[in-house]
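User: I would like to go through the terms used for this model and see what backs each of them. Please set each value against its cut-off.

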Amino acid sequence: MEEEPAHAGKQRISESIRFPLPVLEVTVGLVLLATLIWYGLDARNLPTPFNATDIGAGGFPLLIAGGTIVATILMIGFGIAGLLGKAEREVTQWRRPFYVLLTSLIFIAQAAWFETLGVYVCVGLFSAAVMLAAGERRPLHVLGVPLALVVFIYVVFALALNVVFP
């Protein structure tokens with residue numbers, strides 16, 4: 001059996017970006033908070049339900065926005081406490097920043113092409129693209145997982161719940 005060196009996990013890895021974790025929590029938290037407030041305000045403009053006991057089109061998005069806003073405010077608070085504290089600050093490390101950016105762009109492209117390509121084609125293609133961007137190279141996984149995901153979505157939503165997708 002091989003033993004790990006004493007510095008394992010502590011050494012600097014090439015092609016990585018390092019940030020103090022509290023700075024990242026506050027910065028990303030503020031951007032996320034602004035986005036969630038905008039999302040919540042848009043959700044409030046959705047039509048009200050005809051049935052008084054129904055939550056309506058905007059009810060679920062408002063619930064998601066509210067819960068995520070609370071969690072984001074907590075994250076920002078912990079980040080500020082970490083910045084003001086005297087303890088050693090944790091550092092986060094992005095080992096493959098290009099692939100993180102590429103995967104983010106793939107998710108944005110998926111949202112942009114969702115209605116044009118349709119749910120099944122879009123989910124299949126973009127889930128395979130995300131797997132490739134994440135480093136997966138086994139052909140059965142790159143083909144099988146998106147196919148299984150599309151079949152699962154079809155069976156659950158189209159057959160069981162009778163949801164009609166664009």
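Analyst: The model is predicted. To start with an aromatic residue, Tyr120 has a relative accessibility of 28% and is therefore classed as partly exposed.

User: Why is Tyr120 called partly exposed, and not buried or exposed?

Analyst: Buried requires under 20% and exposed requires over 50%. Tyr120 stands at 28%, so partly exposed is the class that applies. Phe165, with a relative accessible area of 27%, is partly exposed by the same limits.

User: What makes Tyr120 and Phe165 an aromatic pair, and why is the pair called edge-to-face?

Analyst: Ring centres must lie within 6.5 Å, and planes over 60 degrees apart count as edge-to-face. For Tyr120 and Phe165 the centres are 6.0 Å apart and the planes are at 90°, so both conditions are met. The pair links distant parts of the chain, with Tyr120 in helix α4 and Phe165 in the segment after α5 (139-160), 45 residues apart. Ring pairs also join Tyr120 and Phe165 with Tyr154 and Phe157 in a cluster.

User: How many aromatic pairs are there?

Analyst: The count is four aromatic pairs. One of them is formed by Phe98 and Tyr99, with 5.3 Å from centre to centre and 75° between the planes. Since the distance is within 6.5 Å and the angle is over 60 degrees, this pair is edge-to-face too.

User: How do you know which class of exposure Phe98 and Tyr99 each belong to?

Analyst: Phe98 has 54% relative accessibility, which is over 50%, so Phe98 counts as exposed. Tyr99 has 31%, which falls between 20% and 50%, so Tyr99 counts as partly exposed.

User: What makes α3 and α4 roughly antiparallel?

Analyst: Helix α3 (residues 97-117) and helix α4 (residues 119-133) pack at an angle of about 175°, with their axes 9 Å apart. Angles over 145 degrees count as roughly antiparallel, so α3 is roughly antiparallel to α4. The contact of α3 with α4 has 17 nonpolar, two polar and no charged residues. Among those that meet are Ile106, Phe107, Gln110 and Trp113 in α3, and Val119, Cys122, Val123 and Phe126 in α4.

User: Why is Gln110 called buried?

Analyst: Gln110, in helix α3, has a relative accessible area of 18%, which is under 20%, so Gln110 is buried. Leaving out residues up to four places away in sequence, Gln110 touches Cys122, Val123 and Phe126.

User: How do you know whether Val119 is buried or exposed?

Analyst: Val119 lies in helix α4. Its relative accessible area is 4%, which is under 20%, so Val119 is buried. With residues up to four places away in sequence not counted, Val119 touches Phe114, Ile153, Phe165 and Pro166. The C-alpha atoms of Val119 and Ile153 are separated by 9.0 Å, and these residues are 34 apart along the chain.

User: Why are α1 and α2 called roughly antiparallel?

Analyst: The axes of helix α1 (residues 21-44) and helix α2 (residues 59-84) cross at roughly 160° and come within 8 Å. The angle is over 145 degrees, so α1 and α2 are roughly antiparallel to each other. The crossing of α1 past α2 is left-handed. The residues of the contact of α1 with α2 divide into 21 nonpolar, six polar and two charged.

Key:
Residues numbered from 1 in each chain as written. Predicted model: local features only at pLDDT ≥ 70, side-chain atom pairs only at ≥ 80, totals over all residues. Heavy atoms only, no water. Axes fitted to C-alpha atoms, helices over the stretch in contact; angles between N-to-C directions. Helix = DSSP H or I, 4+ residues; strand = E, 2+ residues; numbered from the N terminus. Parallel < 35°, antiparallel > 145°, perpendicular 65-115°, else oblique. Left-handed = near helix turned anticlockwise from the far one by under 90°. Nonpolar A, V, L, I, M, F, W, Y, C, P; charged D, E, K, R; others polar. Contact = heavy atoms within 4.5 Å. Phe/Tyr/Trp six-rings, centres within 6.5 Å; stacked < 30°, edge-to-face > 60°. Buried < 20%, exposed > 50% of the residue type's maximum accessible area, 1.4 Å probe, protein only.
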